[in-house]
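Here is a protein chain to look over. A visitor asks the questions, and a guide works through the answers.

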Amino acid sequence: MSEPHAAVRREPSSSGLLAPPSEDEEIPESHPHINTSRVCIHIDMDYFYCQVKIRDLGLDPTIPVAIKQKYIVVTCNYPARALGVTKLQRITDACKACPELVLVDGSDLRPFREANAAVMQSIRSCTLSPVQKLVFDEFFLDVTAEVARVPSSSSSEDVIAAALRNFDPPLRACDASRRDVALLAAGDALAKRIRDTIFHDTGLTCSAGVSYSKMLAKIASGIRKP
């Protein structure tokens with residue numbers, strides 16, 4: 001995916017496919033001095049363009065697949081990357097690196113727009129927090145107000161405790177009692193619900209990062225990419 005950034009960039013997506021600028025609410029980046037009471041989520045769809053075509057065409061997701069426009073491979077799935085196919089590679093070079101590569105035309109953006117709208121609908125079904133769309137495959141959410149309202153009940157404590165166990169690196173016992181950590185854990189639980197809902201509704205997988213700022217959340221979302 002694209003390099004982490006602090007400011008929103010209205011430019012081609014990380015896959016090289018052109019997409020219109022976001023018309024959703026723009027979420028400002030936090031002050032350089034980190035506000036640890038803020039909770040941001042970054043949703044990053046996994047190899048979105050390939051994943052949409054693999055789903056729509058009923059292809060085997062374990063085989064190498066690439067999306068082409070004219071004579072260029074604009075993006076590819078993880079099996080293709082493992083065999084030497086790269087983004088913005090000439091088709092002839094990609095086929096030399098991976099003779100079994102399945103090429104799918106991606107010049108028609110309508111399937112991607114429709115998939116993007118379905119993902120946005122899934123996200124909005126999980127939260128009333130502001131959502132900012134970046135091109136087709138990335139979304140930022142500022143869930144600060146939402147997680148701050150998490151009630152102090154046994155059920156919510158169980159959810160937060162489960163999220164704390166997923167922190168990387170593992171938290172020390174003294175860290176788990178901090179208010180900012182509890183807020184991040186609540187954000188993690190919400191991110192998991194969003195991911196599960198997107199997959200249930202669309203059949204598409206995504207990664208999520210949760211942190212104090214958009215930039216850190218974006219970095220976090222790439223740590224455990226497939």
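**Loops, sheet and cores**

Visitor: Is Val135 buried or exposed?
Guide: The relative accessible area of Val135 is 12%. Buried means under 20%, exposed over 50%, and partly exposed in between, using a 1.4 Å probe and protein chains only. The value is under the first cut-off, so Val135 is buried.

Visitor: What kind of model is this?
Guide: Residues are numbered from 1 along each chain as its sequence is written, and side-chain values use heavy atoms, with hydrogens and water left out. Local features need pLDDT of at least 70, side-chain atom pairs count only at pLDDT 80 or more, and totals for chains, interfaces and linings use all residues, in what is a predicted model.

Visitor: Near what value is phi of Val135?
Guide: Val135 sits in the loop between strand 6 (131-134) and strand 7 (138-142). Strands (E, at least two residues) and helices (H or I, at least four) are DSSP runs, numbered from the N terminus. Val135 is not a glycine, yet its phi is positive, near 45°.

Visitor: Which residue takes a positive phi in the hairpin of strand 2 and strand 3?
Guide: Strand 2 (65-69) and strand 3 (72-76) have a loop between them, and this hairpin has two residues between the strands. One residue of the loop has a relative accessibility of 76% and counts as exposed. With a phi near 60°, the residue is Lys70.

Visitor: How many bridges does strand 2 form with strand 3?
Guide: Strands of a sheet pair through backbone hydrogen bonds, either parallel or antiparallel. Two strands count as paired if DSSP finds at least two bridges between them. Lys68 stands opposite Val73 in strand 3. Strand 2 and strand 3 pair in the antiparallel sense, and their bridges number four.

Visitor: What is the order of strands in the open sheet?
Guide: Strand 3 is joined to strand 4 (residues 89-90) by two antiparallel bridges, and Ile72 has Arg90 as its bridge partner. Strand 2 is joined to strand 5 by four bridges and runs parallel to it, with Ala66 opposite Leu103. The pairing of the four strands is mixed, and their order is 4-3-2-5.

Visitor: Which strands stand at the edges of the sheet?
Guide: An edge strand here has a single partner strand, so one side is left without a neighbour in the sheet. The strands at the edges are strand 4 and strand 5 (102-105).

Visitor: How many of the residues of strand 3 are buried?
Guide: Strand 3 is largely enclosed by the rest of the structure. The count of buried residues is five of the five.

Visitor: Which helix supplies the largest share of the largest nonpolar core?
Guide: A nonpolar core is a set of buried Ala, Val, Leu, Ile, Met, Phe, Trp, Tyr and Cys residues joined through side-chain atoms within 4.5 Å. The largest one has 40 residues, of which Ile43, Met45 and Phe48 touch the most other members. Helix 1 (48-57) and helix 4 (110-126) are among the elements that supply at least two residues each. The largest share is seven residues, from helix 8.

Visitor: How many disulfides does the structure hold?
Guide: A disulfide is a pair of cysteine sulfur atoms within 2.5 Å. The number in this structure is zero. For Cys98, the nearest cysteine sulfur belongs to Cys95 and is 8.0 Å away, so the cut-off is not met. The total is zero.
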